[in-house]
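Grab a pencil and open the viewer. Below is a set of short exercises, each followed by a worked solution.

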Amino acid sequence: HTLWKATNTISPESMSGWLAKTINQEETYCTLDARQIKHSAGDAFVTNEDILDVFHRIDRSDEVRMIKLTALRMFHPDYPKSDMQRAKPTLGLNRGGYVGLMSRRPVVRK
């Protein structure tokens with residue numbers, strides 16, 4: 001997506017010199033594992049178990065560094081109570097879902 005494309009155009013010299021970032025910053029700041037999810041504080045709207053269910057369905061999750069989220073129309077601040085224009089793309093999607101996840105499989109405890 002756009003953020004990933006933009007950050008990949010920055011030269012290593014600019015990254016470390018001008019921006020004062022390490023070359024491997026994605027390895028430090030953009031990784032997530034099941035242990036971190038299990039020990040997170042949780043949320044009023046989604047449980048850690050719900051997040052783990054999705055997380056375990058990401059193929060090669062240890063290689064993922066960025067994801068792209070799109071808001072549902074019903075959560076957009078301009079969502080009208082009636083006369084909704086279905087084709088207005090700036091208001092997000094009508095239905096939620098996941099793209100590219102593997103089917104559910106039993107979690108193997110180690």
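**Exercise 1.** Leaving aside its neighbours within four places in sequence, which residues is Arg57 in contact with?

*Solution.* Before starting, note that this is a predicted model, where local features need pLDDT of at least 70 and side-chain atom pairs count only at pLDDT 80 or more, while totals for chains, interfaces and linings use all residues. Residues are numbered from 1 along each chain as its sequence is written, and side-chain values use heavy atoms, with hydrogens and water left out.

Step 1: find Arg57 in the segment after helix H5 (48–55). Helices here are DSSP runs (H or I, at least four residues; strands are E, at least two), numbered from the N terminus.

Step 2: look for contacts, meaning heavy atoms within 4.5 Å. Once the neighbours within four places are set aside, Arg57 touches Tyr98, Leu101, Met102, Ser103 and Arg104.

Step 3: check the burial. Arg57 has 10% relative accessibility, so it counts as buried. The cut-offs are under 20% relative accessible area for buried, over 50% for exposed, and partly exposed in between (1.4 Å probe, protein chains only).

**Exercise 2.** Work out the overall make-up of the chain and how confident the predictor is in it.

*Solution.* Step 1: count the elements. There are 5 helices and 0 strands, so to speak a plain α-α-α-α-α when read along the sequence.

Step 2: check the confidence. pLDDT is the predictor's confidence in each residue, from 0 to 100. The chain averages 75, and 70% of the residues score at least 70. Among the elements, helix H1 (residues 2–7) has the lowest mean pLDDT, at 70, and helix H4 (residues 34–38) has the highest, at 92. Where pLDDT is low, the predicted coordinates should not be read in detail.

Step 3: look at burial and contacts. Of the 110 residues, 12% count as buried. Among contacts with a separation of 6 or more, 36% come from residues 24 or more positions apart.

Step 4: add the surface. The accessible surface comes to about 9,700 Å², and 56% of that belongs to carbon and sulfur atoms. Such areas come from the Shrake-Rupley method with a 1.4 Å probe; for residues, only the protein chains shown count as cover.

**Exercise 3.** Which residues of H5 are buried, and how do they sit around the helix?

*Solution.* Step 1: pick out the buried positions in H5, which are Asn48, Leu52, Val54 and Phe55.

Step 2: look down the axis of H5. The buried residues fall within an arc of 160 degrees, so they line one face of the helix. The arc is that of the directions from the helix axis to the C-beta atoms.

Step 3: see what lies over them. The cover for the buried residues of H5 includes H4.

Step 4: move on to His56, in the segment after H5. His56 counts as partly exposed at 24% relative accessibility. His56 and Ala34 are 22 residues apart in sequence, with 8.0 Å between their C-alpha atoms.

**Exercise 4.** Trace the salt bridges around Arg60, then find one elsewhere.

*Solution.* Step 1: recall the idea. Side chains of opposite charge can pair when their charged atoms come close. The cut-off used is a side-chain nitrogen of Lys or Arg within 4 Å of a carboxyl oxygen of Asp or Glu, and the whole structure has 4 such bridges.

Step 2: start from Arg60, in the segment after H5. Arg60 pairs with Asp59, with the closest N and O atoms 3.3 Å apart, and Arg60 also meets Glu63 at 3.2 Å, N to O. Asp59, Arg60 and Glu63 are thus linked in a network of salt bridges.

Step 3: look at the backbone. Most residues other than glycine have a negative phi. Arg60 is not a glycine, yet has a positive phi of about 50 degrees.

Step 4: follow Asp59, which is partly exposed at 41%. Asp59 and Gly100 are 41 residues apart in sequence and 8.6 Å apart in space, C-alpha to C-alpha.

Step 5: go to Asp33, which bridges to Arg35 with the closest N and O atoms 3.5 Å apart. Asp33 is partly exposed at 29%, whereas Arg35 is exposed at 52%.
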